[in-house]
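Here are my notes for your first read of this fold. Keep the viewer open and go point by point.

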Amino acid sequence: MTERVLERMDLGEVPYGEATEAMKGWVERRRAGEIEDRLVLLTHPPVITYGSRTPPDELPRADSPFPLVEVDRGGQATYHGPGQLIGYLIMHLGERGPGDVVRWVENGLVRALASLGFETTRRDTPPGAQSLVGVWTPRHDKLASIGMRIRNKVTSHGFALNIAPDLDAFTRFTACGLPEVAMTSLAEMAAEQGRPAPTESAVRDAVARAFGAMAPAGAPNAPVGPHGGVSR
């Protein structure tokens, strides 16, 4: 894809429903040309999301402590919660030119993590196999999940990168439709290297640099209210 600067927008913890409602508004405004391409960085309280094609037997049991939300993005079931960095990408692909946006996101995350001292990779999906979209360690533990929607040439949703979440949450369902895959985090990878995990702030900055996202000059971050509401 053609490289263009994205507008960086940093939020704190925002409930999933409020964030997706705000995202719908950003998509409409981007389609109308009212805002530029945008990378929104935030976190969510615990929630499990899934697409319409997720088999019921891959979802958590009824006694799961986490809310379960059906979403309109690609991909299977995944978990969002504290210790993760969520990135929503609102981009007009018609203005960026042709290209594989999912691979672009994978490669951007790989570059960001390399700048923090972590070796990761993307993987090609064999024909007929469950999707391997995401970011992986060299031993094929999964570090980041990607699920996007493209409608009328504008993207929404994005990625979830595990910094230091409770990985036990992923054992309550079939994450990404891959029952044999272990989820990992930057905290676990850093511990194996004998060093501290990077801070969320450092990861946000690394991701923003890798995606070419910059905060608008003189513009403060969008306000986050007592319930995480966003207005921009």
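1. Start with the largest nonpolar core. This is a predicted model, and its largest nonpolar core holds 34 residues. Those with the most contacts inside this core are Leu39, Leu89, Val105, Leu109, Phe159, Val207 and Phe211.

2. Next, see where the core residues come from. Strands β2 (38-43), β6 (84-90), β8 (142-151) and β9 (154-162) each supply at least two of them. So do the helices α3 (101-115), α4 (186-193) and α5 (200-210). Which element gives the most to this core? It is α3, with seven residues.

3. Pick Val207 and look around. Val207 touches Leu39, Leu41, Leu85, Leu109, Ala112, Phe159 and Leu161, leaving out residues up to four places away in sequence. Another core lies apart from the largest one. This other core has 19 residues, including Val27, Val40, Tyr88 and Ala160.

4. Now trace the sheet. Seven strands form an open sheet, and the pairing is mixed. The order is β7-β8-β9-β6-β2-β1-β10. Which strands stand at the edges? They are β7 (135-136) and β10 (213-214). Each has a single partner strand, so one side of each is left without a neighbour in the sheet.

5. Stay at the β7 edge. β7 pairs with β8 in the antiparallel sense, over two bridges. Trp136 has Lys142 in β8 as its bridge partner. Helix α3 packs on the sheet and touches β1 (6-13), β6, β7, β8 and β9. The direction of α3 makes about 145 degrees with that of β8.

6. Check the turn here too. β7 and β8 form a hairpin, with five residues between them. His140 sits in that turn and has a positive phi of about 70 degrees.

7. Move on to the next pair. β8 and β9 run antiparallel and are joined by eight bridges. One bridge partner to find is Ser156 in β9, which pairs with Arg149. These two strands also form a hairpin, with two residues between them. Asn152 in the turn has a positive phi of about 50 degrees.

8. Is β8 mostly covered or mostly uncovered? It is mostly covered: seven of its ten residues are buried. Take Ser145, found in strand β8. Its relative accessibility is 9%, so Ser145 counts as buried. Beyond its neighbours within four places in sequence, Ser145 is in contact with Thr78, Gly158, Phe159, Ala160, Cys176 and Met183.

9. Finish with Gln130, in the loop between α3 and β7. Why does Gln130 count as partly exposed? Its relative accessibility is 31%, and the partly exposed class runs between 20% and 50%. Setting aside neighbours within four places in sequence, Gln130 is in contact with Gln76, Thr125, Cys176, Gly177 and Leu178. Cys176 is thus worth a second look: it appears among the contacts of both Ser145 and Gln130. How far apart are Gln130 and Asn152? They are 22 residues apart in sequence and 26 Å apart in space, C-alpha to C-alpha.

Terms used:
Residues numbered from 1 in each chain as written. Predicted model: local features only at pLDDT ≥ 70, side-chain atom pairs only at ≥ 80, totals over all residues. Heavy atoms only, no water. Core = buried A, V, L, I, M, F, W, Y, C linked by side-chain atoms within 4.5 Å. Buried < 20%, exposed > 50% of the residue type's maximum accessible area, 1.4 Å probe, protein only. Helix = DSSP H or I, 4+ residues; strand = E, 2+ residues; numbered from the N terminus. Contact = heavy atoms within 4.5 Å. Pairing = 2+ DSSP bridges. Axes fitted to C-alpha atoms, helices over the stretch in contact; angles between N-to-C directions.
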